[in-house]
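Biologist: I keep meeting terms whose cut-offs I do not know. Please take me through a few of them.

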Amino acid sequence: IRAQRVVAPEEVTQRLGLRVVGALPAIPDQSSRFWLGNGDLRKYMHAFFTESVDSIRTMLFRESRAGSLKVIMITSATGGEGKTTLSSHLATSLARGGKRTLLIDGDMRRPTAHSLFDLPLDPGLSDLMRGQRNSAEVVRPANLKNLWIISGGNGDHRQALEALARDDAEQIIKELVLAHISSNE
């Protein structure tokens, strides 16, 4: 399994046939000795990471002008790989760049994006997927112009995961995106 793992951006193109829009620098784990007692290094790495995300945002802006790019999905096979960090930074960067941005925390087991924006967990995506709430009830404005958040929500996550696997899940997400775009024009 480890031998089949993608470890470099070039492998995405070579093995999967997908185009790479951008890549982020490898940043040492914050618990490592690399960070201890070095506030300047921490600030530098944060600025470097932010600049890298902004570069990806620029590539996405170009891509959106050339086509109909409306949805970006960030995922990985295991936890702790930085999906929430990257998606939150990218959503913030897109909003700062003037794009109306809706960040959806799709982590049904351990949703955390809401805490980064100081928003409540409930209601959220799991409530929407179970049919207990509508989109207007789960979309919340962040403290940044052009940015809205849907938290992961709380409750029966197994039932919400099953709802994500149903055929109508794609339609729910499409309607959510369309409703968000048209309500904020």
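The talk below sets some values against their definitions.

Modeller: This is a predicted model, where local features need pLDDT of at least 70, side-chain atom pairs count only at pLDDT 80 or more, and totals for chains, interfaces and linings use all residues. Residues are numbered from 1 along each chain as its sequence is written, and side-chain values use heavy atoms, without hydrogens and water.

Biologist: Why is Asn 146 called buried or exposed?

Modeller: Buried means under 20% relative accessible area, exposed over 50%, and partly exposed in between (1.4 Å probe, protein chains only). Asn 146 has 17%, so Asn 146 counts as buried.

Biologist: And why does Asp 118 get its label?

Modeller: Its relative accessibility is 69%, so Asp 118 counts as exposed.

Biologist: Which class does Leu 18 fall in?

Modeller: Leu 18 is at 48%, so Leu 18 counts as partly exposed. With Val 6 and Leu 16, Leu 18 makes a nonpolar surface patch of about 260 Å². Patch residues have over 30% relative accessible area and no salt bridge (a side-chain nitrogen of Lys or Arg within 4 Å of a carboxyl oxygen of Asp or Glu). Like charges are joined within 9 Å, nonpolar side chains (Val, Leu, Ile, Met, Phe, Trp, Tyr) within 5 Å.

Biologist: How many bridges join β2 to β3?

Modeller: There are 2. Two strands pair if DSSP finds at least two bridges between them, so β2 and β3 pair. They run antiparallel. Strands (E, at least two residues) are DSSP runs, numbered from the N terminus.

Biologist: What is the omega of the bond joining Asp 122 and Pro 123?

Modeller: Omega is about -5°, and the peptide bond is cis. Most peptide bonds are trans.

Conventions
Areas by Shrake-Rupley, 256 points an atom, 1.4 Å probe, with all protein chains shown as cover. Helix = DSSP H or I, 4+ residues; strand = E, 2+ residues; numbered from the N terminus.
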